[in-house]
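Trainee: Could we go through this structure together, one question at a time, with the reasoning spelled out?

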Amino acid sequence: MVKILGFDKTSADPVWEQGSPERWVHRTQKGISKKIVEEISYLKAEPDWMREKRLLAYRFFKEKKIPAWGVDLSELNFDDITFFIRPGERQYKNWDEVPADIKGVYDQLGIPQAEQKFLAGLVGQYESEGFYAKLKDQWEKQGVIFTDTDTAVKKYPDLVKEYFMTRCVPIADHAFAALHGAVWSGGSFVYVPAGVAVALPLQAYFRMNAPQSGQFEHTLIIAEEGASVHYIESCTAPKYSTDSLHSAVVEIFVKKNASVRYTTIQNWSKNVYNLNTKRAIVEQDGKIEWVGGSLGSKRTMLYPMSLLTGKGASARHLNIAVSARGQWKDTGAKVVHGAPYTNSRVISKSVSLGGGRSSYRGLLKIAKGAHGSKAHVQCDALLLDPHSQSDTYPYMEIYEDDVAIMHEATVNRVTDAQLFYLRSRGLTEEQAFDLILSGFLDPISRELPLDYALELNRMIRLEMIGSVG
Amino acid sequence: MIPIMPHMLEVQHFSAHIDEKKILQDVSLAVAPGEVHFLMGPNGSGKTTLASALMGNPVVVPTGGTIIFNGEDITTALPEERAKKGLYLGFQYPVEVQGVGFVPFLRAALSARGMALPSEQDFRAELVTAGVELGVASALIDRNLNEGFSGGEKKRSELLQLSVIQPRLAVLDEFDSGLDIDGLRSAARALKKYVTPDTALLLITHYGRMAEYLPPDRVHIMQAGTIVKSGGTEIIEAVERGGFDGFLSLS
């Protein structure tokens with residue numbers, strides 16, 4: 001099995017929790033100001049249009065209020081955070097050239113092996129910027145682009161200008177979108193030309209190593225007419241006693257008849273605020289699939305959104321959130337049916353344990369004129385003990401009569417009676433939890449590539465052990 | 001010289017609490033291999049608590065006495081350890097376990113007990129065959145564990161598990177409630193087949209009617225947390241005539 005998500009079988013501690021010595025060639029002073037935004041743009045030698053966009057975003061950020069709903073963000077202090085850290089001077093296409101300390105981390109996480117085995121391409125990011133980008137020749141020849149977003153600004157300015165924080169996630173969307181627009185760095189850029197199907201997944205792996213830092217990668221995926229691609233994103237950070245901030249934006253454009261699957265397993269350590277905005281615009285008969293696993297972090301707010309703008313467009317959202325001790329996750333899905341005969345299916349599962357708290361927050365909107373549309377939302381919560389908590393906030397706005405809508409919500413609590421029943425048949429308490437958990441998660445595990453499903457189970461088990469201890 | 005038959009289960013002066021409340025008081029009971037025992041008594045007399053204590057339910061806290069199983073003291077053993085030693089509890093109200101399929105559950109249980117497993121397909125086929133005899137619909141096998149099962153289906157599922165797990169001693173709590181007359185007959189047939197010179201059965205029941213189908217070797221009457229009377233089938237006849245109240249006032 002490939003260690004895609006970063007397990008080292010020889011070590012009791014998960015690899016991603018082990019920090020490495022800090023490395024940087026440039027870093028901004030702590031905190032955020034107009035000067036720091038300008039410094040980031042200057043260090044990147046950006047064109048004027050991007051620098052101006054950053055400054056405009058910063059102005060919006062100053063005006064916007066931090067959300068008062070969702071998770072408690074009162075302990076998040078922007079003055080303590082280093083917003084930009086450049087790990088090295090250049091980028092590589094060959095692992096042998098990558099500096100030994102960075103390569104060591106990625107080797108331990110098993111990333112280069114995974115790339116060899118079953119990926120069409122890989123982008124590696126360390127702190128604020130990408131250090132590695134490689135797309136296999138076969139796809140490059142067909143015009144596919146897969147690189148880090150900073151490189152894309154320089155090499156493909158027209159594409160970036162058209163799609164970057166314009167009509168999908170505008171810079172004025174909300175406070176964290178505006179902050180992101182001001183200080184964004186790194187992320188991946190995917191462009192798939194019309195009619196091209198990328199048969200193997202593209203993967204990006206983002207590593208945040210320094211304590212009290214911020215990571216603001218921007219991912220832009222454009223699938224032209226009839227194109228298809230599966231993009232996988234993984235994120236980790238080592239364990240520190242101080243807080244870090246991760247605030248990414250993902251924008252996906254699914255053109256007519258195209259399909260995009262976006263899979264992400266986020267496994268931040270428990271000192272990370274994880275506040276992301278992910279959105280897709282789906283045109284006629286296009287398909288978007290979001291598969292997400294949210295583990296780790298201290299606070300998470302994440303509601304991937306599908307805007308179904310073309311007739312027959314469809315969205316599928318599969319989400320797992322695990323909240324262990326000290327964690328609070330507010331996650332869900334937003335779907336807007338803006339055209340007739342559009343379909344959406346949301347399956348959201350949360351597991352809370354050790355006093356953790358999970359909330360489902362979802363929006364389902366069916367616009368006037370979106371007749372013949374179908375939507376099915378299912379959110380299930382599993383509470384492994386009596387100290388943990390789960391809430392559901394489903395919002396629905398339906399402006400059309402000729403539609404079929406289903407909403408199901410269940411809350412299951414693992415009871416002593418269930419555990420005793422299973423143990424009376426010979427299962428240990430741990431095996432009993434495992435059985436209940438894998439049954440609960442099965443509908444989503446089935447959608448993940450096998451290695452991912454196995455590792456996800458292992459990670460959840462680790463969370464459980466951590467919460468009990 | 002007649003060899004002394006060692007007991008499979010020996011409960012000696014066993015007492016226990018639930019939530020600090022005394023429920024079982026000085027219970028003694030012995031079951032030998034090959035035997036069928038009935039445990040009877042009025043509602044709330046402690047029968048279910050005793051069954052639960054035998055299986056090691058953590059909510060039942062032992063406060064005195066011992067439970068010996070096959071010569072081993074299991075008074076403080078974990079439920080799964082008791083299960084692996086060959087003890088089985090058929091629950092009065094089997095709990096629903098959402099999302100856990102009957103087949104994956106049973107496979108996990110058997111593999112936890114160190115039993116070799118056939119392929120999932122073969123295993124399912126074996127279950128269907130075993131289920132026919134017990135009147136278990138094959139659709140039930142594909143459902144989640146006890147989820148939405150009717151009372152009768154739950155009891156049949158407990159019997160099906162028994163037949164697959166093959167324990168040394170089965171304690172069945174009120175398993176005749178929820179079964180119709182046909183269900184009762186087929187259950188008794190299956191249990192007769194289950195009891196061999198190596199296995200034993202402790203059956204908790206409200207009513208004596210089960211004795212018509214499955215004659216017991218010993219009958220025990222429980223009242224107020226202790227066993228007040230042990231004997232043969234004549235006890236059942238007395239209970240059937242005068243009810244527990246009449247029987248207990250006589251003795």
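Mentor: Let us begin with a term: two strands are said to pair if DSSP finds at least two bridges between them. Please keep in mind throughout that this is a predicted model.

Trainee: How many bridges join β6(B) to strand β7 of chain B?

Mentor: Strand β7 covers residues 169-173 of chain B, and it runs parallel to β6(B). Within this pairing, B:Tyr88 stands opposite B:Ala170 in β7(B). Pairing asks for at least two bridges, and the number that joins β6(B) to β7 of chain B is four.

Trainee: Which strands are the edge strands of the six-stranded sheet in chain B?

Mentor: The sheet is open and its pairing is mixed, with the strands of chain B in the order β6-β7-β8-β3-β9-β10. An edge strand pairs on one side only, and in chain B this holds for β6 (87-90) and β10 (226-231).

Trainee: At what angle does helix α7 of chain B run to β8(B)?

Mentor: Two helices can be described here, and the first is α6 (residues 151-165) of chain B, which lies across β6 and β7 of chain B and runs at about 165 degrees to β6(B). Helix α7 (residues 181-194) of chain B packs on the sheet and touches β7 and β8 (200-204) of chain B. The direction of α7 makes an angle with that of β8(B) of about 145 degrees.

Trainee: Which residue has a side chain joined to that of B:His206 by a polar contact of 2.6 Å?

Mentor: B:His206 is found in the loop that lies between β8 and α8 (210-213) of chain B. Leaving aside residues up to four places away in sequence, B:His206 touches several residues, among them B:Met40, B:Pro42, B:Asn43 and B:Phe244. The side chain that shares the polar contact of 2.6 Å with B:His206 is that of B:Asn43.

Trainee: Why is one side of β2 and of β5 in chain B left without a neighbour in the sheet?

Mentor: These strands belong to an open sheet of four strands in chain B, with the order β2-β1-β4-β5 and antiparallel pairing. Because β2 (21-31) and β5 (72-73) of chain B stand at the edges, each of them has a single partner strand.

Trainee: Which residue is the bridge partner of B:His17 in β4(B)?

Mentor: Strand β1 (residues 9-18) of chain B pairs with strand β4 (residues 60-69) of chain B over eight bridges in the antiparallel sense. In β4(B), the bridge partner of B:His17 is B:Val61.

Trainee: Turning to where the chains meet, which residues of chain A lose the most area to chain B?

Mentor: The contact takes 18 residues from chain A and 32 residues from chain B. Together the two chains bury about 2,000 Å², with 67% of it on carbon and sulfur atoms. Three residues account together for 40% of what the side of chain A buries, and they are A:Phe420, A:Tyr421 and A:Arg425.

Trainee: With which residue does A:Arg425 form a salt bridge?

Mentor: Across the interface of chain A and chain B there are two salt bridges. In the one formed by A:Arg425, the closest N and O atoms are 2.7 Å apart, and the partner is B:Glu158.

Trainee: How many residues apart in sequence are the parts that A:Arg86 and A:Glu129 tie together?

Mentor: Over all chains the count comes to 24 salt bridges, and A:Arg86 forms one with A:Glu129, where the closest N and O atoms are 2.8 Å apart. Since A:Arg86 lies in strand β2 (residues 85-86) of chain A and A:Glu129 in strand β4 (residues 129-135) of chain A, the pair ties together parts whose separation in sequence is 43 residues.

Conventions. Residues are numbered from 1 along each chain as its sequence is written. Chains are lettered from A and ligands numbered from 1 in the order in which they are written. This is a predicted model: local features need pLDDT of at least 70, side-chain atom pairs count only at pLDDT 80 or more; totals for chains, interfaces and linings use all residues. Side-chain values use heavy atoms; hydrogens and water are left out. Contact means heavy atoms within 4.5 Å. Buried area is the accessible area (1.4 Å probe) that two parts lose on being put together, summed over both. A salt bridge is a side-chain nitrogen of Lys or Arg within 4 Å of a carboxyl oxygen of Asp or Glu. Axes are lines fitted to C-alpha atoms, for helices over the stretch in contact, and angles run from 0 to 180 degrees between N-to-C directions. A polar contact is a pair of N or O atoms within 3.5 Å; within protein, one must be able to donate a hydrogen and the other to accept it, and residues adjacent in sequence count only if both atoms are side-chain atoms.
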